[in-house]
Amino acid sequence: MERVLPLPEVPGLRRDRDGPRPRAGGRHLVTPEAARPLPTLVSSEPLAAAGYLNVTRDVIRFPNGHEVDRAIVWHPGAVALVVEDADGRWLMVSQYRHAVGRELVEIPAGTREAGEDPDVTAAREVREETGYAAGTLVRLGGAWMAPGFCSEYIHYYLATDLRHDPLPQDHDEYIAEPIRMTVGQIEAAIDAGEIEDSKTLIALSLLARHRARAGRLAGNRERQ
């Protein structure tokens, strides 16, 4: 079943349709979309295009007949990585974010190229932003970042077994050398308001769930 509204005809428009990967067996833990009708797209007007972003003014009609305007930023999707060294420290990056007018300390991340598999993006971005290649990449999950107005979906990864193998940074980025931090230091910085990056907050939760699940599986194997 199609999970998104039909795409407007905008040159170069790309939308990450991946979304959450289905659970084994196709079972839903929440009410599936088929339980109620979705809004329909009435019209879409291109407003702006800049790089990989496109902005449209969409009119959608709800099943009750009401029509509303939505300004939508169309984004090709991205990846974000927990880059963990042999001592369990995360390689964090500090980079200037013009939208907030200052540098933010955050986990490495990057935008997907058109049609690019997120695994490929992750392998490239870890080298560009930290200078290390990951011998092991494990997908932790994903999340829509601002679904009220933007189609960006981020795939989260755990990158380990690091070796020094840098790639040049993108010309439009201004990223400092990686900062190695323990999880405790990251949590303390969050409590102090020094880390306010949503990707990092989500990654902490996803990694904790991943490791708890791995621990349960290991315990089950030991009891068998």
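Biologist: Which side chain meets that of E67 in a salt bridge?
Modeller: This is a predicted model in which local features need pLDDT (the predictor's confidence in each residue, from 0 to 100) of at least 70 and side-chain atom pairs count only at pLDDT 80 or more, while totals for chains, interfaces and linings use all residues. Residues are numbered from 1 along each chain as its sequence is written, and side-chain values use heavy atoms, with hydrogens and water left out. A salt bridge is a side-chain nitrogen of Lys or Arg within 4 Å of a carboxyl oxygen of Asp or Glu; for E67 the N to O distance is 2.6 Å, and the partner is R61.

Biologist: Is E67 buried, exposed or partly exposed?
Modeller: Buried means under 20% relative accessible area and exposed over 50%, with partly exposed in between (1.4 Å probe, protein chains only). The relative accessible area of E67 is 44%, so this residue counts as partly exposed.

Biologist: How many residues apart are D69 and R57?
Modeller: Their side chains meet in a salt bridge of 2.6 Å, N to O. Helices (H or I, at least four residues) and strands (E, at least two) are DSSP runs numbered from the N terminus. D69 belongs to strand β3 (residues 67-74) and R57 to strand β2 (residues 53-61), and the pair links parts of the chain whose separation is 12 residues.

Biologist: How many residues apart are E196 and R102?
Modeller: The side chains of E196 and R102 form a salt bridge at 2.4 Å, N to O. E196 is in the loop between α2 and α3, whereas R102 is in strand β6 (residues 102-106), and their separation along the chain is 94 residues.

Biologist: With which side chain does R180 make a polar contact at 3.0 Å?
Modeller: R180, in strand β10 (residues 179-181), is linked with D85, D87 and R89 in a network of salt bridges. A polar contact is a pair of N or O atoms within 3.5 Å; within protein, one must be able to donate a hydrogen and the other to accept it, and residues adjacent in sequence count only if both atoms are side-chain atoms. The side chain of R180 makes one with the side chain of D85 at 2.9 Å, and the one at 3.0 Å is with the side chain of Y132.

Biologist: How far from E129 is the nearest side chain of opposite charge?
Modeller: E129, in helix α1 (residues 118-130), reaches with its side chain the backbone nitrogen of A109 at 3.2 Å. Lys and Arg count as positive and Asp and Glu as negative, with His and the chain ends not counted. E129 is buried without a salt bridge, and the nearest side chain of opposite charge, that of R97, lies at 6.1 Å.

Biologist: Which element gives the most residues to the largest nonpolar core?
Modeller: A nonpolar core is a set of buried Ala, Val, Leu, Ile, Met, Phe, Trp, Tyr and Cys residues joined through side-chain atoms within 4.5 Å. The largest has 21 residues, of which W90, M92 and Y156 touch the most other members. Among the elements that give two or more residues are β5 (90-97), β9 (153-164) and α3 (198-223); the most, four residues, come from α3.

Biologist: Over which residues is the pLDDT below 50?
Modeller: The protein averages a pLDDT of 86, and 82% of the residues score at least 70. Where pLDDT is low, the predicted coordinates should not be read in detail. That caution bears on the stretch with pLDDT below 50, which is residues 1-20.

Technical notes. Contact = heavy atoms within 4.5 Å.
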